[in-house]
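Welcome! Take a moment to look over the sequence and the model, and then we can walk through some of the links and contacts together.

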Amino acid sequence: MALVKCKECGSEISDKAEACPKCGAKRSSPNGCLVFIIFIVVVTAIGMFLSDDKETKQAENKPCAKTDLSCRGEEGVVHASVYCSDPIERLAEHSMKWTDGALDLKFSRYMWTDQPGGHITYIGDKAEFQNGFGAYTPVIYACEMDDKKVIDVHIVKEGRLPAN
């Protein structure tokens with residue numbers, strides 16, 4: 001048993017007492033306040049999460065305009081990273097390795113190839129191709145896509161893309 005001070009009269013009382021025996025003031029439970037604060041924080045966090053999730057879902061449901069390269073490019077860059085990987089790997093005469101991280105995208109840029117047809121070319125530099133002597137050289141590669149269909153892949157040149 002520990003002694004604590006009464007907030008009203010300053011007398012020392014047991015930490016187990018519900019009220020001060022001298023003045024009758026009820027003891028406030030510090031655990032009750034802490035539980036209330038935690039409850040408010042959790043409810044606020046859940047509300048913010050659900051609000052953000054709702055806004056994200058609304059944004060996801062809006063289709064991109066056919067002429068909006070930014071929207072269409074950002075929407076398709078994940079597909080390009082998945083569907084273009086194997087065809088790009090097959091371009092290597094010897095061996096090749098990807099230099100991107102596990103969650104990185106293989107393409108950092110995109111441009112219209114055929115705007116009326118909706119074809120976008122994705123460009124990246126996250127690969128190294130091995131030459132005949134066993135050395136690896138970074139390459140810039142491109143993949144032309146129509147939605148989820150790969151139309152063409154090719155090596156643009158050796159090197160890295162310039163910084164944006």
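Is Asp100 buried or exposed? Asp100 has a relative accessible area of 15%, so Asp100 is buried. Please keep in mind throughout that this is a predicted model.

## Asp100 and its partner

Asp100 has company: its side chain meets that of Lys106 in a salt bridge, with 2.9 Å from N to O. Lys106 has a relative accessibility of 14% and therefore counts as buried. Both ends of this pair fall under the 20% limit for buried residues. As general background, side chains of opposite charge can pair when their charged atoms come close.

## More salt bridges

The count of salt bridges comes to five. One of them brings together the side chains of Glu128 and Lys97, at 3.8 Å from N to O. This pair links distant parts of the chain, since Glu128 sits in strand β5 and Lys97 in strand β3 (residues 96–98), 31 residues apart. How do the two ends compare with the surface? Glu128 is buried, with a relative accessible area of 16%, while Lys97 is partly exposed at 38%.

Another salt bridge joins the side chains of Lys126 and Asp125, again described by an N to O distance, here 3.8 Å. Lys126 has 25% relative accessibility and so counts as partly exposed, whereas Asp125, at 9%, counts as buried. Salt bridges can also share partners, and in this way Lys97, Glu128 and Arg160 are joined into one network.

## A closer look at Asp125

Where does Asp125 lie? Its place is in strand β5, which covers residues 119–130. With a relative accessible area of 9%, Asp125 is under the 20% limit and is therefore buried.

Besides its salt bridge with Lys126, the side chain of Asp125 reaches the backbone nitrogen of Leu161 at 2.9 Å. Leaving aside residues up to four places away in sequence, Asp125 touches Thr99, Lys106, Val139, Ile140, Tyr141, Gly159, Arg160 and Leu161. Two names in that list may look familiar: Lys106, the salt-bridge partner of Asp100, and Arg160, a member of the network with Lys97 and Glu128.

## Two disulfides

Now for the cysteines. In general terms, a disulfide is a covalent bond between the sulfur atoms of two cysteines. How many disulfides does the model have? The count comes to two, and they follow the pattern 1-2, 3-4 when bonded cysteines are counted along the chain.

One disulfide joins Cys64 to Cys71, with 1.9 Å from S to S. The torsion about this S-S bond is about -65 degrees, so the disulfide is left-handed. Cys64 is buried, with a relative accessible area of 17%, and Cys71 is partly exposed, at 27%.

The other link is formed by Cys84 and Cys143, whose sulfur atoms are 1.9 Å apart. The link of Cys84 and Cys143 is left-handed too, with -60 degrees about the S-S bond. Cys84 lies in the loop between α2 (69–83) and α3 (85–89), and Cys143 lies in strand β6 (residues 136–146), so the pair ties together parts that are 59 residues apart in sequence. Both Cys84 and Cys143 are buried.

## Two cysteines without a bond

Cys6 takes part in no disulfide, and the nearest cysteine sulfur, that of Cys23, is 3.7 Å away. Why do Cys23 and Cys6 not form a bond? A disulfide needs sulfur atoms within 2.5 Å, and at 3.7 Å the sulfur of Cys23 is too far from that of Cys6 for a bond. The two also sit in unlike settings: Cys6 counts as buried at 7% relative accessibility, while Cys23 counts as partly exposed at 38%.

## A nonpolar patch on the surface

Finally, let us turn to the outside. Which residues form a nonpolar patch on the surface? They are Phe36, Ile37, Phe39, Ile40, Val41 and Val43, which together have about 590 Å² of accessible area.

Phe36 is found in helix α1, which covers residues 30–61. At 52% relative accessibility, Phe36 is over the 50% limit and therefore counts as exposed.

Conventions
Residues numbered from 1 in each chain as written. Predicted model: local features only at pLDDT ≥ 70, side-chain atom pairs only at ≥ 80, totals over all residues. Heavy atoms only, no water. Buried < 20%, exposed > 50% of the residue type's maximum accessible area, 1.4 Å probe, protein only. Helix = DSSP H or I, 4+ residues; strand = E, 2+ residues; numbered from the N terminus. Polar contact = N/O pair within 3.5 Å; in protein donor to acceptor, adjacent residues only side chain to side chain. Contact = heavy atoms within 4.5 Å. Patch = residues over 30% accessible without salt bridge, like charges linked within 9 Å, V, L, I, M, F, W, Y side chains within 5 Å. Areas by Shrake-Rupley, 256 points an atom, 1.4 Å probe, with all protein chains shown as cover. Salt bridge = Lys/Arg side-chain N within 4 Å of Asp/Glu carboxyl O.
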